[in-house]
Amino acid sequence: MSTVFELKNVYYSYNKSVPALIDITFEVKKGEKLILLGANGSGKSTLLKLMDNLISPDSGEIWAFGKLLGDKKTFDEYEFRKKVGFVFQDSDVQLFSTTVFDEIAFAPLQMGLKEDEVQKIVEETLISFGIEKLKDRPPHRLSGGEKKKVALASVMVINPEVLLLDEPTNGLDPRSKKWLLVKLQELNKKGTTIVIATHDLDMAATLSDRIIVLNENHSIEAIGKPDEILKDKELLLKVNLI
Ligand SMILES: Nc1ncnc2c1ncn2[C@@H]1O[C@H](COP(=O)(O)OP(=O)(O)OP(=O)(O)O)[C@@H](O)[C@H]1O
């Protein structure tokens with residue numbers, strides 16, 4: 001299996017006195033389902049933002065598809081954005097269009113698809129996410145769960161090779177959550193690499209090949225197979241997950 005992401009001794013702090021991540025090293029293999037678990041404030045969202053090249057490490061390196069993120073000579077931001085989709089924890093940060101239709105059409109239009117192709121792909125996505133009725137509504141006036149579905153649809157519409165998802169089930173009702181887990185499983189079977197930050201042990205159990213646990217000191221406490229990690233009560237207690 002080829003490596004999609006490689007993080008080497010990554011450090012990050014929002015301001016000098018408060019570290020957010022300390023000495024993070026791991027790889028993500030192509031087609032892998034990786035769960036990032038950890039208590040509030042342990043650094044999960046920060047880690048995903050670093051992997052999405054929204055912020056840059058203070059030190060250490062992040063490689064994606066064999067290229068050093070942000071490297072002026074070799075890194076192509078446009079190619080990267082086509083391959084990697086990021087769904088924020090807070091949907092309000094993500095949604096900016098005047099209608100749900102335009103929100104979902106944005107990425108395919110950016111990729112240069114023709115108007116009629118975009119129309120078709122957006123209609124299909126609206127149906128697949130069960131949000132056809134919302135298509136003319138302003139995204140910022142939707143409920144939390146509806147916003148989350150639109151945010152997911154607006155990223156998944158271009159079928160990225162890698163999905164970075166920050167608390168994707170937050171705000172979803174039980175049926176929508178189940179539906180999302182099935183959808184992510186299906187995408188993964190077709191080859192999509194999935195990295196999810198969550199506290200949701202249910203999701204960690206159903207949707208992971210490997211789990212990374214971050215501790216309150218913002219470093220990696222454990223990396224392992226789901227059955228090893230989720231059986232380890234002492235570990236889960238230590239990081240506030242049970
Ligand atoms: N914009 C910011 N400015 C300053 N500090 C920040 C900022 N965002 C996060 N932090 C701090 O960085 C650390 C890691 O935060 P992060 O949001 O990555 O944690 P998390 O594991 O995703 O938490 P949660 O489970 O609560 O979403 C925390 O100590 C947090 O207070």
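In this predicted model, the hairpin that joins strand 9 and strand 10 has five residues between its strands, and within this hairpin H218 takes a positive phi near 70°. The two strands of the hairpin, of which strand 9 covers residues 210-214, pair in the antiparallel sense over four bridges; L214 has I220 in strand 10 as its bridge partner.

From the hairpin one can move outwards to the sheet to which both strands belong, an open sheet formed by six strands in the order 6-7-8-3-9-10, with mixed pairing. Strand 10, which spans residues 220-224, is an edge strand of this sheet, as is strand 6 at residues 84-87, and each of these pairs on one side only. Direction ignored, neighbouring strands of the sheet are turned by 15° against each other on average.

Further along the order of the sheet, strand 8 and strand 3 stand next to each other, and here the pairing is of the parallel sense, with five bridges between residues 33-38 of strand 3 and residues 193-198 of strand 8. Within this pair, L37 stands opposite T198 of strand 8. In general, the strands of a sheet pair through backbone hydrogen bonds, and they do so in either a parallel or an antiparallel manner.

Helix 7 covers residues 174-189, and just after this helix G191 takes a positive phi of about 115°. How far apart are the end C-alpha atoms of helix 7, and what span should its 16 residues have? The end C-alpha atoms are 23 Å apart, which agrees with the expected 22 Å, because that expectation rests on 1.5 Å a residue.

Note on methods:
Residues are numbered from 1 along each chain as its sequence is written. This is a predicted model: local features need pLDDT of at least 70, side-chain atom pairs count only at pLDDT 80 or more; totals for chains, interfaces and linings use all residues. Two strands pair if DSSP finds at least two bridges between them. Axes are lines fitted to C-alpha atoms, for helices over the stretch in contact, and angles run from 0 to 180 degrees between N-to-C directions. The expected span of a helix is 1.5 Å times one less than its number of residues.
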